[in-house]
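Please look over the sequence and the model below, and then read on for a short report on ring contacts and on one pocket.

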Amino acid sequence: MHTLNKELAAERYAAEWIDAADWYRTHAIEAYHNPDFVLQHLDHPVVSQKLNAEFNTSTVERTRMFEALSYGDPSFLLTTPGPSLSGVLLEVLGNQWQQDMFVEHVQQQTARTFFAVTEPEKGSDAGNLLTTLSDGTALNGRKLLVGNGALGSIGTVLFKSGQKMLGLGAVMLPPDALKQSNVHRQVLDMYALRGAQLSYLEFKNLTIEDEFILGAHLNPIERGMMGLLKTFHKFRPAVSSMAIGHAQALLDYFKINPDQSNDSLQLRLKARQSEVDAAREINRRSAHQADKDPLKGGLVSHAKQLATVSLEYIVNDIFELIDSSVLLESVWLQKSLTDAFGYEYMEGTSHIHFKNIYNAYKRKEILH
């Protein structure tokens, strides 16, 4: 098993997160084979440290934390309890009672959560969702590729209540609702980033009490697409930081194990380090912008696309220049190279982000 070098990690990550990253790395393979491994260690201080730090935090701080923990192991990070995207959505759309109820449940139950947008027929096109809240009370629809969707004890679901963009809305599903017979949840088979435990969800006339409809105290524009965009823009830098931490872990692996590479690979990875550093800086700026003005998403998309391709370039270099025998010797390296291609599909694929970047340039947003 490849262990984390704390001295090397300390060159880029805050001391408060290095022990957590080390714990993630130590148990990365166990968590890969059993994504519920973390449930056996809910009393571990690392679990509560990450969970509590996610509440009432800035985008900048969340980004720093997620990069350090992904440096440890991104797949393990995805298995851990915490508010995740639903927590950000509650910050944006929730009233005080809803926020308090959500926070209390996640903290007291050390709970995993889910955020359900993507659908089998419509993908992540939030403006054309087929999931509906009929008559304001009955939730019907299907969701696909929902992280921890079958396992989270509380979560949020996006729906449409009309044909116009103002019909976009969200509900919070508490534990009692998820236990109903007209809710079907199933974990999907996965090979990369298995900790996400992507799931299929189906709701058939699930009664939603008014108190669990998010954004009712806001005007239709604020609780619709505007609220969703704020949520994505505030959370995407954390996903970008996961790819950056993952990339840094691979670069550092070959610094620690130079005997497993060659001159060509070492030279190539040295150049890639500069690209990862640039992606980190752009992502840091995007996080600051998301905290300052979460409706501006051009720089956020720029950072996400840079982080994803920076990691994929590193992986392609390794596959091209490494001796195949090295892969047979390191299970951690095998897993890390496999996991690397999952980020393209997290929080928007590249073509979506290129479109966002183009539109941001048209609006004359600063993207560097």
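Rings of Phe, Tyr and Trp, the last taken by its six-membered ring, are said to pair if their centres lie within 6.5 Å. The model shown here is a predicted one, and in this model Trp-23, Tyr-24, Phe-37 and Phe-76 form one aromatic cluster.

**Aromatic pairs**

By this rule the count comes to ten aromatic pairs, and two of these are set out in the table.

| Pair | Centre to centre | Angle between planes | Class |
|---|---|---|---|
| Tyr-13 and Tyr-71 | 5.0 Å | 50° | tilted |
| Trp-23 and Phe-76 | 5.3 Å | 40° | tilted |

The pair of Tyr-13 and Tyr-71 links distant parts of the chain, since Tyr-13 belongs to the loop between helix H1 (6-9) and helix H2, while Tyr-71 belongs to helix H5, 58 residues apart. Tyr-13 has a relative accessible area of 9% and is therefore buried, and Tyr-71 counts as buried as well, with a relative accessibility of 3%; the cut-off behind both statements is a value under 20%.

Which parts does the pair of Trp-23 and Phe-76 tie together? Trp-23 lies in helix H2 and Phe-76 in helix H6 (residues 74-79), so this contact joins parts that are 53 residues apart in sequence. Trp-23 is buried at a relative accessible area of 11%, and Phe-76, whose relative accessibility is 0%, also counts as buried.

**Charges over rings**

Two arginines are placed over the faces of tyrosine rings. Arg-25 lies over the face of Tyr-71, at 5.2 Å from the ring centre, so that Tyr-71, buried at 3% relative accessibility, has a part both in this contact and in the tilted pair with Tyr-13. Arg-194 lies over the face of Tyr-32, at 5.1 Å from the ring centre.

**The second largest pocket**

The second largest pocket holds about 270 Å³ of space. It is lined by 15 residues, of which Arg-12, Val-60, Thr-63, Arg-64 and Glu-67 are the closest to its centre. Helix H2 (15-26), helix H5 (59-72) and helix H12 (263-292) are the elements that each give two or more residues to this lining. What classes of residue make up the lining of the second largest pocket? By class, the lining has eight charged residues, five nonpolar ones and two polar ones.

Helix H2 and helix H5 thus come up in both topics: each of them gives two or more residues to the pocket lining, while helix H2 holds Trp-23 and helix H5 holds Tyr-71.

Technical notes
Residues numbered from 1 in each chain as written. Predicted model: local features only at pLDDT ≥ 70, side-chain atom pairs only at ≥ 80, totals over all residues. Heavy atoms only, no water. 1 Å grid on protein atoms, 1.4 Å probe; cavity = no way out; pocket = protein on both sides within 12 Å on 5 of 7 lines; lining within 4 Å. Points joined across faces, edges and corners; volume = space filled by probe spheres on them. Helix = DSSP H or I, 4+ residues; strand = E, 2+ residues; numbered from the N terminus. Nonpolar A, V, L, I, M, F, W, Y, C, P; charged D, E, K, R; others polar. Phe/Tyr/Trp six-rings, centres within 6.5 Å; stacked < 30°, edge-to-face > 60°. Buried < 20%, exposed > 50% of the residue type's maximum accessible area, 1.4 Å probe, protein only. Lys NZ or Arg CZ within 6 Å of the ring centre and 35° of its normal.
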